[in-house]
Amino acid sequence: MEESKSATEVHSAGKTGAEDSAESQANEATGEASSQMPNKPTAEAEARYKRMKLFDKVMQKSLNKFIEDVSFNRFASMFRPLYRKNPQRMESIHKQFIEELRSTIQEDINRLIEEGQLELKLNELDKLERATKDSPDPAWRPSGIPEQDFCSFLMPYYQKQEAYMRRELKKIQAENAALAEKVQGGRESISQTEHRISAAVDEWKASVTEFERLASSLCPSDVFDV
């Protein structure tokens, strides 16, 4: 009797210890799992996710509406002889056509989102929207006149280009003026050099004439006449 009681107590103690061990292991696993869970997304990230999800929903709704317009009756009316000959075959062709059309359009939409960097552009739009909140100037709105709106968009660009060209023109004019001064200075230097050379030549000619006069006066030609 006592042996069975003690065996029961040992079994109960072992069971309790096993339950405590299992509970501690479960708590540790829960703690590890909670520590490995990612942080809660921020409000901005959640808003971006909802926006992309809404965009996808709108595109899917538009795609479904477009697919609905390609009904079997309209499709069969375009190929009435084939439909009369084999209606089941026409239904199979229409089903395959719808699947291919949906798949192709969806691929084009995904490609446009990827190549056009739609999410990045929407984020940039958010930045512009936040930047304009603190701006006291009113936001631009189309006037309804395309020519006027187009000019209002291009005129600042052309004005910047005009200001840049004016600065470059003044810079070139200043460089040309400096070059003209250098050329004028060179011409004056050449003219002065030519004048000095001409004066030196005149002096040399005068010296030669004077030397010939002196030579003729010292040695008259009649002295040597026989």
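Is His94 buried or exposed? In this predicted model, His94 is buried, because its relative accessible area of 12% falls under the 20% cut-off. The residue belongs to helix α5. Its surroundings, and those of the helix that carries it, are described below, after the confidence of the prediction.

The mean pLDDT of the protein is 77, and 78% of the residues reach at least 70. Confidence is unevenly distributed over the elements: α5 has the highest mean pLDDT, 89, whereas helix α1, covering residues 2–36, has the lowest, 44. Two stretches stay under a pLDDT of 50, namely residues 1–19 and residues 21–38. For residues 1–19 the model has zero contacts beyond four places in sequence, and zero such contacts are likewise found for residues 21–38. Where pLDDT is low, the predicted coordinates should not be read in detail.

Helix α5 comprises 29 residues, from 87 to 115. The distance from its first C-alpha to its last is 41 Å, close to the 42 Å expected at 1.5 Å a residue. Buried positions of α5 are Met90, His94, Ile98, Leu101, Gln106 and Ile109. The packing partners of these buried residues are α2 (43–69), α3 (72–78) and α4 (80–85).

Within this setting, the side chain of His94 reaches the backbone oxygen of Val70 at 3.1 Å. Beyond residues up to four places away in sequence, His94 touches Val70, Ser71, Phe72 and Phe75. Val70 in turn touches His94, Phe97, Ile98 and Leu101, with residues up to four places away again not counted. Val70 is also a member of the largest nonpolar core, a set of five residues completed by Leu63, Ile67, Ile98 and Leu101. At least two residues of this core come from α2, and at least two from α5. In soluble globular proteins, nonpolar side chains tend to be buried together. Ile98 and Leu101 thus appear both among the buried residues of α5 and in the contact list of Val70.

The residue Gln117 follows α5 and is found in the loop between α5 and α6 (118–133). Although Gln117 is not a glycine, its phi is positive, at about 50°. Most residues other than glycine have a negative phi. Gln117 is classed as partly exposed because its relative accessible area of 41% lies between the 20% and 50% limits.

In helix α6, Asn123 was examined. Asn123 counts as buried because its relative accessibility of 13% is under 20%. A polar contact of 3.1 Å joins the side chain of Asn123 to the side chain of Arg51. With neighbours within four places in sequence left aside, the contacts of Asn123 are Arg48 and Arg51.

Helix α7 covers residues 146–218 and has 73 residues. Its end C-alpha atoms are 105 Å apart, which agrees with the 108 Å that α7 should span at 1.5 Å a residue. The helix has a kink of about 30° at Leu154, shortly before the proline Pro156.

Notes: Residues numbered from 1 in each chain as written. Predicted model: local features only at pLDDT ≥ 70, side-chain atom pairs only at ≥ 80, totals over all residues. Heavy atoms only, no water. Helix = DSSP H or I, 4+ residues; strand = E, 2+ residues; numbered from the N terminus. Expected span 1.5 Å × (residues − 1). Buried < 20%, exposed > 50% of the residue type's maximum accessible area, 1.4 Å probe, protein only. Contact = heavy atoms within 4.5 Å. Bend = angle between axes of the 7 residues up to and from the residue. pLDDT = per-residue confidence, 0-100. Polar contact = N/O pair within 3.5 Å; in protein donor to acceptor, adjacent residues only side chain to side chain. Core = buried A, V, L, I, M, F, W, Y, C linked by side-chain atoms within 4.5 Å.
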